[in-house]
Amino acid sequence: MHYYLESNVEFMTKEMKDHLRELADKHTEKLEVQHRPWKEISYAGEHDLRETHTRTEELVGIKAAREFKRRKILLARHFGYKAEGMKEMQLHAYHIPEDIAQELKSNASKMFGIEEDTIDPILQIQTEGNILYPHCGHSRESSMFCLIAGDDAKTQWYEETEPFHIYENWRVPDASKIKEVEEAQFRIGPWYTFNHQQWHSVKRPDKSVKRININLNFTALSYADLEKKLFDMDGVVEKS
């Protein structure tokens, strides 16, 4: 099993991609925000304000909040402190307009032989920072990922070097117990498989450029099954 694969399949026209990029870049007020409760705490907070820590305690309890604080300090130690110029990217997720979403779900359903109601198309916009700290998936088993703007970022995947407790709704890793095993720089245009169940991060040099992508999230299709379906239909681009 891989961390990602480039595919040769397509779910939508270039005109649709251009339209979504325009909405994401200039008209987010026309998009419906996707509620993600796990974003109520920041992964970057080696010097959290007292009210931030208090809010975390209210959400997860005192014991877990202390553990999150320890893990966030480890993340800063391993990936860079705010004082050194590291700033957590702001990631915003939106529902794709219904007419386009329905076409995406219909095309993916036919291609992979899965139910439309197990497919969740979203639009993601990353702004303002230069790192998304290591995290792993919540509600999605796997996805197809298509970058439509901002190709200066690199994605890293990590393996656990030893087990540690994973909190159901709050995927903050123990940075002392993971190691980087692969890095990729996605191109604008192709659809890629994306293994969300593996710890992964994103780093980029340019904080002023929006990174915009479309995700077809699958809630009942495992990453291994997604890969198999693509290989069976000769839908994978061989790495050079």
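A residue is called buried when its relative accessible area is under 20%, and exposed when that value is over 50%. Trp199, with a relative accessible area of 3%, is therefore buried. Keep this idea at hand as you look through the views of this predicted model.

**View 1. The whole chain, with its five helices and eleven strands.** Let us start with the full picture. Along its principal axes, the C-alpha trace spans about 50 × 40 × 35 Å. How does the radius of gyration fit a compact globule of 240 residues? Such a globule would have a value near 18 Å, and the chain has 18 Å, so the two agree. Of the 240 residues, 51% are buried. The chain exposes about 11800 Å², and carbon and sulfur atoms supply 48% of that area. Now think about who touches whom: among contacts between residues at least 6 apart in sequence, 86% join residues at least 24 apart.

**View 2. Phe145 and Phe186, a tilted pair of rings.** A search of the whole structure finds 17 aromatic pairs. In this one, the ring centres of Phe145 and Phe186 are 4.9 Å apart and the planes meet at 40°, so the pair is tilted. The two partners come from distant parts of the chain, 41 residues apart: Phe145 belongs to strand S6 (residues 142–149), while Phe186 sits in the loop between strand S8 (178–184) and strand S9 (191–194). Are these rings buried or exposed? Phe145 has a relative accessibility of 4% and counts as buried. Phe186 is buried too, at 2%.

**View 3. Phe164 and Trp199, another tilted pair.** Here the ring centres of Phe164 and Trp199 lie 5.7 Å apart, with planes at 35°, so this pair is tilted. Once again, distant parts of the chain are linked: Phe164 is in the loop between strand S7 (154–160) and S8, and Trp199 is in strand S10 (residues 199–203), 35 residues apart. Phe164 is buried at a relative accessible area of 12%, and Trp199 is buried at 3%.

**View 4. A cluster of aromatic rings that includes Phe145 and Phe186.** Which residues do ring pairs link into this cluster? They are Tyr3, Tyr4, Phe145, Trp157, Phe186, Tyr192 and Phe194. You can find Phe145 and Phe186 again here, the tilted pair from View 2.

**View 5. Thr118 in the loop between helix H4 (98–112) and strand S4 (119–127).** Thr118 has a relative accessibility of 15% and counts as buried. Where does its side chain reach? The side chain of Thr118 comes to the backbone oxygen of Glu115, at 2.6 Å. Glu115 is also in the loop between H4 and S4, but this residue is exposed, with a relative accessible area of 58%. Setting aside residues up to four places away in sequence, Thr118 touches Asn217, Phe218, Thr219 and Ala220. Glu115 and Phe218 are 103 residues apart in sequence, yet their C-alpha atoms are 9.7 Å apart in space.

**View 6. Ser142, a buried residue of strand S6.** Ser142 has a relative accessibility of 0%. Its side chain reaches the backbone oxygen of Leu221 at 2.6 Å. What else does Ser142 contact, leaving aside neighbours within four places in sequence? The partners are Phe194, His196, Leu216, Asn217, Phe218, Leu221, Ser222, Tyr223 and Leu226. Asn217 and Phe218 may look familiar, as Thr118 touches them as well.

**View 7. Cys136 and Cys146, in a structure with zero disulfides.** Both cysteines are worth a quick look. Cys136 counts as buried at 5% relative accessibility, and Cys146 is buried at 0%. How many disulfides does the structure hold? The count is zero.

**View 8. Glu128 and Asp234, with positive phi angles.** Most residues other than glycine have a negative phi. Glu128 is not a glycine, and its phi is positive, at about 75°. You will find Glu128 in the loop between S4 and strand S5 (131–135). At 44% relative accessibility, Glu128 counts as partly exposed. Asp234 also has a positive phi, near 55°. Asp234 lies in the segment after helix H5 (223–232), and this residue is exposed, at 63% relative accessibility.

Note on methods
Residues are numbered from 1 along each chain as its sequence is written. This is a predicted model: local features need pLDDT of at least 70, side-chain atom pairs count only at pLDDT 80 or more; totals for chains, interfaces and linings use all residues. Side-chain values use heavy atoms; hydrogens and water are left out. A disulfide is a pair of cysteine sulfur atoms within 2.5 Å. Buried means under 20% relative accessible area, exposed over 50%, partly exposed in between (1.4 Å probe, protein chains only). Helices (H or I, at least four residues) and strands (E, at least two) are DSSP runs, numbered from the N terminus. A polar contact is a pair of N or O atoms within 3.5 Å; within protein, one must be able to donate a hydrogen and the other to accept it, and residues adjacent in sequence count only if both atoms are side-chain atoms. Contact means heavy atoms within 4.5 Å. The radius of gyration is taken over C-alpha atoms; the globule rule is 2.2 Å times the number of residues to the power 0.38. Accessible areas come from the Shrake-Rupley method with a 1.4 Å probe; for residues, only the protein chains shown count as cover. Rings of Phe, Tyr and Trp (its six-membered ring) pair if their centres lie within 6.5 Å; planes under 30 degrees apart count as stacked, over 60 as edge-to-face and the rest as tilted.
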